[in-house]
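Grab a pencil and keep the viewer open. Below are some short exercises, each with a solution worked out step by step.

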Amino acid sequence: MPGVHAASHRPLLRRSSLTSLVVGTALVVINQGTTLAAGELPARLLWAGPLTYAVPFCVATWGALSNSRS
């Protein structure tokens, strides 16, 4: 099963994590920067924040897996 092997493939996870960190942080700064700079932490960020990092991780992983199948 290719998905199981990919989930344990360290270079893929490292690359996806780095992409998530860079892109997710940029998105948080763009979308929530002024709110966070004002010292506010709205409750919605408790779920939206992690999703902001999870989406680029999933996209990078999906892209790498799709590329490897071709």
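**Exercise 1.** In which helix does threonine 61 lie? Work out its surroundings too.

*Solution.* Before anything else, keep in mind that this is a predicted model.
- Step 1: find the element. Threonine 61 sits in helix H3.
- Step 2: check the exposure. Its relative accessible area is 14%, and the cut-off for buried is under 20%, so threonine 61 counts as buried.
- Step 3: follow the side chain. The side chain of threonine 61 reaches the backbone oxygen of phenylalanine 57, at 2.8 Å.
- Step 4: list the neighbours. Leaving aside residues within four places in sequence, threonine 61 is in contact with Leu12 and Ser16.

**Exercise 2.** Step back for a moment: how many helices and how many strands does the protein have? Describe the overall make-up.

*Solution.*
- Step 1: count the elements. You should get three helices and zero strands.
- Step 2: read along the sequence. The pattern comes out as α-α-α.
- Step 3: look at burial. The protein has 70 residues, and 20% of them count as buried.
- Step 4: turn to the surface. About 5,300 Å² is accessible, and carbon and sulfur atoms account for 69% of that.
- Step 5: sort the contacts by sequence separation. Take the contacts between residues at least 6 apart in sequence: 75% of these join residues at least 24 apart.

**Exercise 3.** At what angle do helix H2 and helix H3 pack, and how far apart are their axes?

*Solution.*
- Step 1: pick the descriptors. A pair of packed helices is described by the angle between the axes and the distance between them.
- Step 2: fill in the values. H2 covers residues 10-37 and H3 covers residues 45-69; the angle is about 145°, and the axes are 8 Å apart.
- Step 3: settle the handedness. The crossing of H2 past H3 is right-handed.
- Step 4: sort the residues in this contact by class. You'll find 15 nonpolar and nine polar residues, and no charged ones.

**Exercise 4.** Is serine 20 buried or exposed? Then find what surrounds this residue.

*Solution.*
- Step 1: place it. Serine 20 belongs to helix H2.
- Step 2: read the accessibility. At 7%, serine 20 is buried.
- Step 3: trace its side chain, which reaches the backbone oxygen of tyrosine 53 at 2.5 Å.
- Step 4: collect the contacts. Skipping residues up to four places away in sequence, serine 20 touches Thr25, Tyr53, Ala54, Pro56 and Phe57.
- Step 5: compare sequence with space. Serine 20 and cysteine 58 are 38 residues apart along the chain, yet their C-alpha atoms are 8.4 Å apart.

**Exercise 5.** With the side chain of which residue does the side chain of glutamine 32 make a polar contact? Then move on to leucine 45.

*Solution.*
- Step 1: locate glutamine 32. You'll find it in helix H2, buried at a relative accessible area of 13%.
- Step 2: find the polar partner. That's the side chain of arginine 44, at 3.1 Å.
- Step 3: add the other contacts. Beyond four places in sequence, glutamine 32 touches Leu27, Arg44 and Leu45.
- Step 4: hop over to leucine 45. This residue is in helix H3 and is buried, with a relative accessible area of 13%.
- Step 5: see the contact from the other side. With the same four-place exclusion, leucine 45 touches Gln32, Leu36 and Pro50.
- Step 6: finish with a distance. Leucine 45 and valine 28 are 17 residues apart along the chain, with 9.6 Å between their C-alpha atoms.

How values were computed. Residues numbered from 1 in each chain as written. Predicted model: local features only at pLDDT ≥ 70, side-chain atom pairs only at ≥ 80, totals over all residues. Heavy atoms only, no water. Axes fitted to C-alpha atoms, helices over the stretch in contact; angles between N-to-C directions. Helix = DSSP H or I, 4+ residues; strand = E, 2+ residues; numbered from the N terminus. Left-handed = near helix turned anticlockwise from the far one by under 90°. Nonpolar A, V, L, I, M, F, W, Y, C, P; charged D, E, K, R; others polar. Buried < 20%, exposed > 50% of the residue type's maximum accessible area, 1.4 Å probe, protein only. Polar contact = N/O pair within 3.5 Å; in protein donor to acceptor, adjacent residues only side chain to side chain. Contact = heavy atoms within 4.5 Å. Areas by Shrake-Rupley, 256 points an atom, 1.4 Å probe, with all protein chains shown as cover.
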